[in-house]
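This briefing is intended to be read alongside the sequence and the three-dimensional view. Please keep both at hand while following the points below.

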Amino acid sequence: MFSHDYLRLALASPDLALGQPVTNKSRQIRALRALWAEDPDVIVFPALSLTGLSLGPGLLHRQVLEEAADQLADLATESRGKYPVIISSLPLAYQGAFYLAAALIRDGAVQALVALPVQAAKDAASYKYLAHFSAQEPPEGASLRLPTGQSLPFLPSSSLFCLADQPHKAFCLTADLNQRQLGSLAPFLDQAQGKLGLVFNLAKESLGQAGQRQAQMHTLSQAAAAGLASISPAYGESSTDGSFSGCRLVAENGEILGVSGLFNRDPLLVDVDLDYLAQEAALRSPGSDAGTYFPLSLHSKLANRPVRQSLHRPLQADPFIPGESAAPAYYAEAFDLLTGGLRRRLDQLPQAKLLLGLSGGLDSCLALLICRRALLAQNRPLTDIVAVSMPGPGSHDRTKDNARDLAESLGASFREIPIHQAVDQHLADLGHSGKVFDTTYENAQARERTQILMDLANQLGGLVIGTGDLSEAALGWCTYNGDQMSMYNVNISVPKTLVRALCQYEAEHFAKYQAHLAEIIFDIIATPVSPELLPLEEHAFSQKTEAILGPYELHDFFLWQLVKRHASPQKILDLALLVFQDRYEPDLIKTSLTTFLRRFSQNQFKRSASPDGASLGLVSLSPREGFYLPSDLPSEVWSQYLRS
């Protein structure tokens, strides 16, 4: 995982000894020694962690300033021969002003000091202990001599820092007194775009603030396409007028990656995906990164480290599926969005009937449920849905029966139009024997079904509703100008894993008052996914899609990582091997990924001609929503980057 540009961040908040730099240094060294084995890139302690934030004017005594600087030198000694950047904090005097400063330490040396202006201290009555700190940046080119005799650059908070051995691993710093909103933090967010922004929170805790902080970090990190980490003053600060908890949290482009909670002493370890953030920022604001970086150097012998085999970050096997507690509201909202899109299209065609091919499979089941909701919302009879079963040589009795029972149980009109004779005649006209089960044999069935639906729509004054889902579009698992085509596709933004979950959600709802209908949907969910285009083998499905392509949960994971997270093929493979190590053999994972990448490239031409359909905003492959991939891209462009 080390090769995929994850920055491992450690936020440490050992208990503070107020006004005792020697004790605080010892506690920080203890924390560092516990963290070496975790192989972090950056270790951060809270603001004024060597003295205490709430010490007040006592911070400004010369003896305290000198003692804190002396202990800083000991911290640097502890870091000799170690890879991580360590950020500790202390008060400093410079040209008659006092500064809240961060010290950047690496491999045995303090390499820079950063001034963190305290913008609102003089206006905040309950933060008088900060009133003496400067709200100004040091002048350009400033340097500061520590009591130890070492002269160091004294940099403004607008500085950007990077690891000299890995210059793409970059971060910036700020101090935040009032948990400010987007407007006040705008300059810092501009710095942090595509990088990691470290926020030293200076505020005491108040009721409800922890939740507010999470919400703000979620919003701000998404606004900046950045990783944002917040670290609060540690337990041990003064309790004269408040509590300090040492709370820490990390957000990444709108996702909370880790939260320590209040008064938790364990370090928070999080791997921030800088590769993803850099690409996301570049897509939003091309050419926006024009900052100057201060490189934090490292002895060359430390540059080659062992590859990490684990990740400290949440990583979902089913990225399109929410957590259990959020699922009901999430699924209800998904249905509202999908239904809303169809309702709006029906506003243009208020008398149109809704026609769809009902196969007895998952996708057409979901499409029918959406059609039902749309007509109920418009107070139209459900008989305006015309569900058409079009059995062919590969149709199983189970799916045919489920299609009929589902339509009738929901109150839709149902028609069955077999396609055997029409397909046989068409193949005969082509000079095809009908005995060779090739692509022509299969696609003739798909196109015959589409022809029936289109012509029936003309006859009845209807709208053909597409049922193909996002996973099938990604894989090109559809027949061009067959099931690929419709007049409005309600499923096009729904991946297969979410299709299954939404059908499950509706079935559980129906189970409360319409048990038979729920049983039908549950059986559809349990039916193997199949295109049903080849003759049955002893009354069993001769085609099982997941046996041909690989499991859909793998393909949905690949799709999320490739399109949503801009991950490289090798990174996708490494993540999949990590996430699915207890479910699938490595060979199956790699084979499925190779299939996905090949088909994703080869079938772009189908997506370029996709019908309209409402988007859920999770992942879109619609050319109208900005997704672009050339239809002529060779599949080797992806697969060549997979290690053998």
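In this predicted model, helix α12 covers residues 496-510, and its 15 residues should span 21 Å at 1.5 Å a residue. The end C-alpha atoms of α12 are 21 Å apart, which agrees with that expectation. The points below begin with this helix and then turn to the cysteines, the nonpolar cores and the strands.

**Helix α12 and its surroundings**

- The buried residues of α12 are K496, T497, L498, V499, A501, L502, C503, E506, A507 and F510.
- Several helices help to cover these buried residues, including α6 (327-348), α7, α8, α11 (470-475), α13 (515-526) and α15 (552-564).

**Cysteines**

- The structure holds 0 disulfides.
- C371 takes part in no disulfide, and the nearest cysteine sulfur, that of C365, lies 11 Å away.
- C371 is buried, with a relative accessible area of 0%.
- For C503, the closest cysteine sulfur is also in C365, and the 4.0 Å between the two sulfurs is too far for a bond, because a disulfide requires the sulfur atoms to be within 2.5 Å.
- C503 counts as buried, at 1% relative accessibility.

**Nonpolar cores**

- In soluble globular proteins, nonpolar side chains tend to be buried together.
- The largest nonpolar core here has 88 residues, and L342, L406, I521, L559 and F600 are those with the most contacts inside it.
- Helix α7 (residues 362-377) supplies the largest share of this core, with 10 residues.
- A second, separate core has 47 residues, among them L59, F133, L198 and L257.
- L559 is in contact with F320, L470, A474, K564, F596, F600, V619 and L621, when its neighbours within four places in sequence are left aside.

**The open sheet of five strands**

- Strands of a sheet pair through backbone hydrogen bonds, either parallel or antiparallel.
- An open sheet of 5 strands follows the order β18-β17-β16-β19-β20, with parallel pairing.
- The edges of this sheet are β18 and β20 (488-489), each of which has a single partner strand, so one side of each is left without a neighbour in the sheet.
- Strand β17 (residues 385-389) runs parallel to strand β18 (residues 413-416), and 4 bridges join the two.
- Within this pairing, V386 stands opposite S413 in β18.
- A right-handed β-α-β unit is made by β17, helix α8 (residues 397-410) and β18.
- Strand β19 (residues 462-466) is joined to β20 by 2 bridges, and the two strands run parallel.
- Y488 in β20 is the bridge partner of I465.

**Strand β11 and its partners**

- Is strand β11 (residues 227-231) largely enclosed or left open? The strand is largely enclosed by the rest of the structure, because 5 of its 5 residues are buried.
- Both faces of β11 are covered, with G227, A229 and I231 buried on one side and L228 and S230 buried on the other.
- β11 pairs with strand β10 (residues 196-201) in the parallel sense over 5 bridges.
- In this parallel pairing, S230 of β11 is the bridge partner of V199.
- From β10 the chain crosses through helix α4 (residues 209-224) to β11, and this β-α-β crossover is right-handed.
- β11 is also joined by 5 bridges to strand β12 (residues 248-252), and these two strands run antiparallel.
- In β12, A251 is the bridge partner of L228.

Notes:
Residues numbered from 1 in each chain as written. Predicted model: local features only at pLDDT ≥ 70, side-chain atom pairs only at ≥ 80, totals over all residues. Heavy atoms only, no water. Core = buried A, V, L, I, M, F, W, Y, C linked by side-chain atoms within 4.5 Å. Buried < 20%, exposed > 50% of the residue type's maximum accessible area, 1.4 Å probe, protein only. Contact = heavy atoms within 4.5 Å. Pairing = 2+ DSSP bridges. Right-handed = clockwise from strand over helix to strand, strands pointing away. Expected span 1.5 Å × (residues − 1).
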